[in-house]
Amino acid sequence: MVDVIKNTQMHCTYGCKTSKAVQPNVAGKLISKAKRPLFVVGSQILKDEELLKRAIEIAKKADIPVAATGHSMKGFVDADVDAKYINIHALATYLCDPNWTGLDGKGQYDTIITLGHYKYYINQVYSGLKNFSNLKTISIDRQYLQNATMSFGNITPEVLLEALDELIENL
Amino acid sequence: MSELTTGSFSIGDLENVQITINNIVGAIDKQMEKSDEEMGPTPKPGVSSLRDWDHTIFERYNPIYTPMCDQCCYCTFGPCDLSGNKEGACGINLEAHNAREFMLRVMTGAAAHSGHGRHLLHHMIDLYGKDYPLDVGPTNIIAPNVQAVTGIKPETLGDLDIVLNYVEEQLTQLLAAVHAGQEGAAIDFESKAMHGGMIDHVGMEVSDIVQISCLGFPKSDANPPLADIGMGCIDPSKPNLIVIGHNVAAVTDIIDYMEDNDLSDKIELGGLCCTALDMTRYKMDGSAEDQVPKAKIIGSLAKELKMIRSGAPDVIVVDEQCIRADVLPEAQKLMIPVITTNDKVMYGLKDRSNDDVEDILADLTSGKEPGALLLDFEKVGEIAPRLAMMMSEIRKQKGIKALPTEEELKDQVDKCVHCLACEIACPDNLPISEAMKLAKEGDFTKFEWIHDKCIGCGRCEFACPKDIDIVNVIEKSSQKLIRNEIGKVRAGRGPISDPEIREEGVNLVLGTTPGIVAMVGCSNYPDGTKDLFDIAKEMLQRNYIVVVSGCSAMDLGMYKDEDGLTLYEKYPAKFKSGGLINVGSCVSNAHITAAVIKVAAIFAQKQVSGNYEELADYSLNRVGAVGVAWGAYSQKAASIGTGCSRLGIPVILGPHGSKYRRALIAKPYEDQKWNVYDARDGSEMKIPAAPEFLLTTCETIEEMMPMLAKSCIRPSDNNMGRMIKLTHYIELSQKYLGVMPDDWQNYVRMETDLPLAKRQELLKILEEEHGWEIDWKRKKILSGPVMKSDVSAQPTNLKRLCKEA
Ligand code: SF4
Ligand code: SF4
Ligand code: SF4
């Protein structure tokens, strides 16, 4: 089992609530249990093929739709997953609106999982969701993100790949 | 009876008696009456005068908050936990508190620009008097923002004094609203932020008009000269005099002194940030052919620390705004004296303004003082160049060495224990540890890669437990790259002229010129400086008008295309389809909003004076313009962007822009929000969901390209215009996202809106996937579109502008 919760150092603190550090196996089970999960994947995923492979595997195995933010859509075009492009700031806006019916028209989501974003950017998105929605948010990236509900700690790219493999096993 | 004017005069026989009139009671009203121009409903609007317009905007464009901190610590009741939108001890909730903070950010920016303008204006009135005429080139609307907001048509420096009085009053009233207690509705803090943003464009316009009129800057010049840019363009063998900041007033004295004393060729004069841009405009009025800008541009804020650490500067002169707070201690380490020239930046230095020049020089060359505060520009003009000559010799003799030697570099790199602390601290989480690993094996290429992404902030060094001088390691590893950092920038040309607007206005409103892309703002890029070049190149090739200013204008010039040319050399500096225009420095941003106002005034004959709301309404519904502030970092960028929001111009920020903590985003799925009136009869008309935001962020430039095209779609597009815009939207989405956009059909009103080359294919998709009815024989759409195509419709959000049905 890889340990991804050792380093939860932050550059700054952002308030009273900090996210719970979560291990990959637990994250995997939580994703499987979610009723309306959305996998939000950012453009940084395109910088590492191995990472993209695992993102596709997560979407497939857990059978969850992908919100492809930035230009990550390029990585999903022929991947046979249910992926749609959306701007992440717009997504964050809609996610706080109970009247939004989702990317598929079937209703608002309950769990957001993110991978492949700039740390400072996704943490701001999380800040909006934390304060103005009831969503559960799980970061499975390589930085500790205070504003998520749950997050991996700060880990190296190599450890992240291992952690994602373990997460996939637990889906 | 003749009217009294401001100025000085003597009375007949009374020798030695001179009367000076500075201000005439009621001058503003006089000024406003004087023009035969009709006055709109809101000359000199107060904080609440345009509130209805703001609320109209917010009805569709929701203020979206992404707080940096869930607490508030404004007053001693606090800190209060506001997480989950809870209320603090004073009753304010997280939304309203964030709106308040955003408003404060906007006002800080507006104050920076108008403070700058006030300083320049005082200085120029001192030199030339209040009656000095304004001249910005061929135009009947010298100051569109000033006129639209205040109703004043300024003609002299003195008129601008009156305008700034108004600006300052508004800023005071706005600042008062920040005090704890009072306002509780986020939306009204938002409206105040909009007011601050609008006021900012007035302040900026004043600043730039003053310098254009008094300092011989290009005046709406469609062919201004090219200046050198880049760390590599500075000759280190000459004495280096480096200026940093935004206010060129003191620097003009330096340039003059150097010219008068034959020093121009002997000293390398380089600048960082907007002062640099404005130095290249100084005395450049006239034809480009025979003129060479009088200084070189080193680059933006991101280059400040790197430039100092290089050890090249022999003297540093700073003025105001984006200047690193640690210039003095950093310079001191390398025996570089620092001269501060503005009361906004004094660095704790002794005020030597009234001291003897030789005494000051003696104290600075001996190192007795690390620098001096000099508020007397004539003295700055003499001391800075002389000091550069002297320090160059002294520093050479002392063998001042800045960057590490090869051996020291190796020692530094070997100290790294790969703890990742630097990466967590780095604003862009750059892979420093990995680069250290490779460097230990003698491979420094990763550091070269980091060099362009690194914004030179120095946070990594403070985090490193091993005290490695990481910035120096990056810079030393990249010496080869840095030496080749040489580009070209067109000197800022100032406003867009009336004849240019007259020619291009119709294309902009009908959409046959696909849009204006205004690239503005600072250097806090997410992924290096080249992004700017890539954006501009793509949009220029597609015949958008690209307008640039400030740090964006600089960084754009650092790259060359496949023909070895910068975009400035490749594309004409004209305001026309496919033109690339550098308006100038930060304060020149006002010319961009001014151009939009002028389109409404000149093309659509809209009244300008005191008619802000109608102009903004026109811009939102009919002028396809979008702003890009890819590296926005400052409060000034927040105020510039917010001024655009109030005028109905959408702006996209890079991902760091999310840290402004507030965006204005609409929901395209809220059908009822996408209706406007048709001013011909007051009936409601459906409009496409574009622009989808007035302020937002995005992740990468690849994502932004199709966003830009979509943001330029307006209800007023004719079929040709819509077809052109839709073509770019679809092509850019396919090129950069690999897919067709999933909402392109929402912008189709009839078959002639469809891109010509793809018409057949798209009609098929409309029939099969969207259930539209197509008459295939005539290739016509029979049913499906939710909007009608009617070029004579007059879309407006303002009921009052409608004729009765
Ligand atoms: S201003 Fe209000 S929310 Fe902020 S610290 Fe004071 S009481 Fe608390
Ligand atoms: S903080 Fe210093 S020791 Fe740690 S990884 Fe960075 S450079 Fe190396
Ligand atoms: S100086 Fe460069 S590498 Fe260091 S923290 Fe700042 S941006 Fe990152």
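Which residues surround ligand 1? The legends below start there and then visit other sites of this predicted model.

**View 1. The shell around ligand 1 is built from residues of chain B.**
Ligand 1 is surrounded by residues that include the cysteines Cys72(B), Cys73(B), Cys75(B), Cys80(B) and Cys90(B). Two aromatic residues, Tyr74(B) and Phe77(B), are also in the shell. Gly78(B), Gly88(B), Ala89(B), Ile92(B) and Arg100(B) complete the set. By class, the shell has nine nonpolar, two polar and one charged residues.

**View 2. Ligand 2 has 13 residues around it.**
Those that come nearest are Cys416(B), Val417(B), Cys419(B), Cys422(B) and Cys464(B). The shell of ligand 2 divides into 11 nonpolar, one polar and one charged residues.

**View 3. Four cysteines of chain B carry a "binding site" annotation in UniProt.**
The unreviewed entry lists Cys416(B), Cys419(B), Cys422(B) and Cys464(B). They span 49 residues in sequence, but no two of their C-alpha atoms are more than 10.5 Å apart, so the four gather at one spot. Each of these cysteines is also among the residues that come nearest to ligand 2.

**View 4. Cys422(B) and Cys464(B) are shown in their local settings.**
Cys422(B) sits in helix 14 (residues 421-425) of chain B. Its relative accessible area is 10%, under the 20% limit, so Cys422(B) counts as buried. Beyond its neighbours within four places in sequence, Cys422(B) is in contact with Ile432(B), Cys460(B), Ala463(B) and Ile470(B). Cys464(B) lies in the loop between helix 17 and helix 18 of chain B. Cys464(B) is buried as well, with a relative accessible area of 11%.

**View 5. Ligand 3 is held within another shell of chain B residues.**
Four cysteines surround ligand 3: Cys426(B), Cys454(B), Cys457(B) and Cys460(B). Pro427(B), Ile432(B), Ile455(B), Val471(B) and Ile474(B) are in the shell too. So are Gly456(B), Gly458(B) and Arg459(B). Helix 17 (459-463) and helix 18 (470-477) of chain B each supply at least two residues. The class count is nine nonpolar, two polar and one charged. Two residues of this shell, Ile432(B) and Cys460(B), are also contacts of Cys422(B).

**View 6. His113(B) is a buried residue in a helix of chain B.**
UniProt lists His113(B) for "binding site" in an unreviewed entry. Helix 3 (residues 94-128) of chain B contains His113(B). The relative accessible area of His113(B) is 0%, so this residue counts as buried. Leaving out residues up to four places away in sequence, His113(B) touches Asp200(B), Gly203(B), Met204(B) and Ser207(B) among others. Further contacts of His113(B) include Gln321(B), Cys586(B), Val587(B), Lys636(B), Ser639(B) and Ile640(B).

**View 7. The largest pocket has a volume of about 1,200 Å³.**
Its lining counts 48 residues, and the closest to the centre are Pro668(B), Glu692(B), Lys710(B), Asp742(B) and Asp743(B). Both chains give elements with two or more lining residues. From chain A these are strand 4 (83-85) and helix 3 (88-95). From chain B they are strand 22 (693-697), helix 27 (701-711) and helix 28 (719-737). Helix 27 of chain B gives the most, with five residues. By class, the pocket lining has 31 nonpolar, nine polar and eight charged residues.

**View 8. The largest cavity encloses about 200 Å³ of space.**
The structure holds 13 cavities of 30 Å³ or more. The largest is lined by 20 residues, and Ala518(B), Val520(B), Gly627(B), Cys644(B) and Val651(B) lie nearest its centre. Elements of chain B that give two or more residues to this lining are strand 14 (516-519), helix 24 (590-603), strand 17 (625-629), helix 26 (635-646) and strand 18 (651-653). Strand 17 has the largest share, five residues. The lining of this cavity divides into 15 nonpolar, five polar and no charged residues.

**View 9. Thr137(A) lies in strand 6 of chain A.**
Strand 6 covers residues 136-139. At 3% relative accessibility, Thr137(A) counts as buried. Apart from residues up to four places away in sequence, Thr137(A) touches Ile112(A), Tyr126(A), Leu129(A), Asn147(A), Ala148(A), Thr149(A) and Met150(A).

Technical notes: Residues are numbered from 1 along each chain as its sequence is written. Chains are lettered from A and ligands numbered from 1 in the order in which they are written. This is a predicted model: local features need pLDDT of at least 70, side-chain atom pairs count only at pLDDT 80 or more; totals for chains, interfaces and linings use all residues. Side-chain values use heavy atoms; hydrogens and water are left out. A residue is near a molecule or strand if one of its heavy atoms lies within 4 Å of it. Ala, Val, Leu, Ile, Met, Phe, Trp, Tyr, Cys and Pro count as nonpolar, Asp, Glu, Lys and Arg as charged, and the others, Gly among them, as polar. On a 1 Å grid over the protein atoms alone, a cavity is a set of points where a 1.4 Å probe fits but cannot get out, and a pocket is an open set with protein on both sides within 12 Å along at least five of seven lines; lining residues have an atom within 4 Å of a point. Grid points are joined across faces, edges and corners, and a volume is the space filled by probe spheres set on the points. Helices (H or I, at least four residues) and strands (E, at least two) are DSSP runs, numbered from the N terminus. UniProt positions are given in the numbering used here, feature names are shortened, and annotations may be inferred rather than shown by experiment. Buried means under 20% relative accessible area, exposed over 50%, partly exposed in between (1.4 Å probe, protein chains only). Contact means heavy atoms within 4.5 Å.
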